[in-house]
Every structure is written in structure tokens, then in C-alpha cells.
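The following exercises concern a single protein chain and are to be worked with the sequence and coordinates at hand. Each task is followed by a solution in steps.

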Amino acid sequence: MQGEYAEDAALSGAVHAAQLGDEAAFRIVFRTVHPRLLGYVRSLVGDGDAEDVTSEAWLQIARDLGSFSGDADRFRGWAARIARNRALDHVRMRSRRPVSGGDETQLADRPADSDTAEEAIEALGTGRTMAFIARLPRDYAEVVVLRVIMGLDAKRTAEVLGKSPGAVRTAAHRGLKQLTALIERPQEEGDVPPGEGQQPGGVTQSAARTLKEM
């Protein structure tokens, strides 16, 4: 917990310094947030387009940074919302179907890609978690990614998705419950190598803790 507070304090300070024109501070912001942001975008648009979409998001983040106000937690939510909007724009552009409203159903209809998702989460050092998340219903999966991978609370996640905090808590609770069941599924079903998902401090324990916080 102390490590999380220290990281948040460092990120808050770096964001503030970057707003004042400190390029080194902006690099710290980028290195801190980019892996998680890229993992989130990969879960929305797939591996092939994720780098480009995330780069577009960072261009907007850099351009609009002066207008941002808040701490590290608020910054992560702000960056996630920008990335999500860029992902929706990308889906609209590549879709041949008429777009009506541009809401989250554009992303929810996209088939899950477990290999792409797994690569994204492995870059964050959390093993096969995204491969499991990719098996969840899409409305649960996006909430779980924002809560577990991006580290947003229910309020920030609701702001990103344009939903109520209550709806987010419900989706997160159900999604994490299904995720825990997948991770704890008996080994003979071939989902998890011996011991994976059961390591101290691993995803199963994290999911259980998060469920208790709902």
C-alpha cells in the first residue's frame, strides 16, 4: 500500500511539473502510465492497431495537459477516457456499418482476442490475467480492465465509461467473480499451469481483495 501511495505521489508531482513545461517530468508520466494505457487500448482494438491508437491518445494528452486538474488517480482516469475515445474513433473509421451514437457497443461487439490481451498484461508482469479477462462478457471485461489494470476506482471508471458508479460496481463485482472462477478452475482443464494464479500477491488474491471492497 505504501508503494502505491509513493507511486501516486510521484506521478502527481510529475504531472504538475510537466504542465509547467518540464520535458523530463513528462517522460516520467509517459513511462508510468503508458504500459497500462497500452494494455487497455489493446483490449479494445486489438494488438495490430493498439500502438497507433495509443500514440494518438498521447498526442491529445500532451496537447491538453495544461487544462488538466487533479491528482494521479484523476490523471489515470482522464488519460483512459481520452484513449477510449480514440479507440471508438478508430472503430468507427474501420467499420463498414453505419455508426449510431458512438457508444460502448461499438467496442462490446468486438470478439475477444486472448493472445493479444495476454501479451498486453504480460508487459505489466501479471502473467496470463488478460487472457482470462478476454473470456469475460465484454461489458464486464472493460470494467475489470479499468479497475484492475488501470487501477481506477469505481468513480473514475464510471466517468470513463459514462455509467453510474453503481453500475460499475455491479459489473466489476460480477466480472471479478467470473475472473476468479476462471483462474481457480481445476488444473486438468488446461487453463493455468501448476501454481499460476495462486502465487502470493497474484491476481486471484487481488481480485478477492477488490471484491471485498465493492
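A salt bridge is taken here as a side-chain nitrogen of Lys or Arg within 4 Å of a carboxyl oxygen of Asp or Glu. The model under study is a predicted one.

**Exercise 1. A salt bridge between two helices**

Determine what the side chains of Asp-8 and Arg-76 form, and state which parts of the chain the pair ties together.

Solution.
- Step 1. The N to O distance between the side chains of Asp-8 and Arg-76 is 2.9 Å, and the two meet in a salt bridge.
- Step 2. Because Asp-8 belongs to helix 1 and Arg-76 to helix 4, the pair ties together parts that are 68 residues apart in sequence.
- Step 3. Buried means under 20% relative accessible area, exposed over 50%, and partly exposed in between. With 7%, Arg-76 is therefore buried, while Asp-8, with 25%, is partly exposed.
- Step 4. A search of the whole structure gives eight salt bridges.

**Exercise 2. A network of salt bridges**

Establish how Asp-73, Arg-156 and Glu-159 are linked.

Solution.
- Step 1. Asp-73 and Arg-156 meet through their side chains in a salt bridge, at 3.3 Å from N to O. Since Asp-73 lies in helix 4 and Arg-156 in helix 9, this pair ties together parts that are 83 residues apart in sequence.
- Step 2. A salt bridge of 3.5 Å, N to O, joins the side chains of Glu-159 and Arg-156. Both residues lie in helix 9, three residues apart, about one turn of the helix.
- Step 3. Asp-73, Arg-156 and Glu-159 are thus linked in a network of salt bridges.
- Step 4. As for accessibility, Asp-73 counts as buried at 15% and Arg-156 is buried at 11%, whereas Glu-159 is partly exposed at 36%.

**Exercise 3. The packing of helix 2 and helix 4**

Describe how helix 2 and helix 4 pack, giving the angle, the distance between their axes and the residues that meet.

Solution.
- Step 1. Helix 2 spans residues 23–45 and helix 4 spans residues 72–94; they pack at an angle of about 35°, with axes 10 Å apart.
- Step 2. The crossing of helix 2 past helix 4 is right-handed.
- Step 3. Among the residues of helix 2 in this contact are Val-33, Leu-37, Tyr-40 and Val-41, and helix 4 contributes residues including Phe-75, Ala-79, Ala-83 and His-90.
- Step 4. By class, the contact of helix 2 with helix 4 has 13 nonpolar, one polar and two charged residues.

**Exercise 4. The largest nonpolar core**

How many residues does the largest nonpolar core have, and which helix supplies the largest share of this core?

Solution.
- Step 1. The largest nonpolar core has 51 residues. Leu-37, Tyr-40, Val-45, Phe-75, Ile-133, Leu-136 and Leu-146 have the most contacts inside it.
- Step 2. The helices that each supply at least two residues of this core include helix 1, helix 3, helix 8 and helix 10.
- Step 3. Helix 2 gives the largest share of this core, nine residues.
- Step 4. Apart from neighbours within four places in sequence, Ile-133 is in contact with Ala-141, Val-144, Val-145, Ile-149 and Leu-179.

**Exercise 5. The chain as a whole**

State how many helices and strands there are in the protein chain, and what percentage of its residues count as buried.

Solution.
- Step 1. The protein chain has eleven helices and zero strands.
- Step 2. Of its 214 residues, 43% count as buried.
- Step 3. Among contacts between residues at least 6 apart in sequence, 60% join residues at least 24 apart.

Notes: Residues numbered from 1 in each chain as written. Predicted model: local features only at pLDDT ≥ 70, side-chain atom pairs only at ≥ 80, totals over all residues. Heavy atoms only, no water. Axes fitted to C-alpha atoms, helices over the stretch in contact; angles between N-to-C directions. Helix = DSSP H or I, 4+ residues; strand = E, 2+ residues; numbered from the N terminus. Left-handed = near helix turned anticlockwise from the far one by under 90°. Contact = heavy atoms within 4.5 Å. Nonpolar A, V, L, I, M, F, W, Y, C, P; charged D, E, K, R; others polar. Core = buried A, V, L, I, M, F, W, Y, C linked by side-chain atoms within 4.5 Å. Buried < 20%, exposed > 50% of the residue type's maximum accessible area, 1.4 Å probe, protein only.
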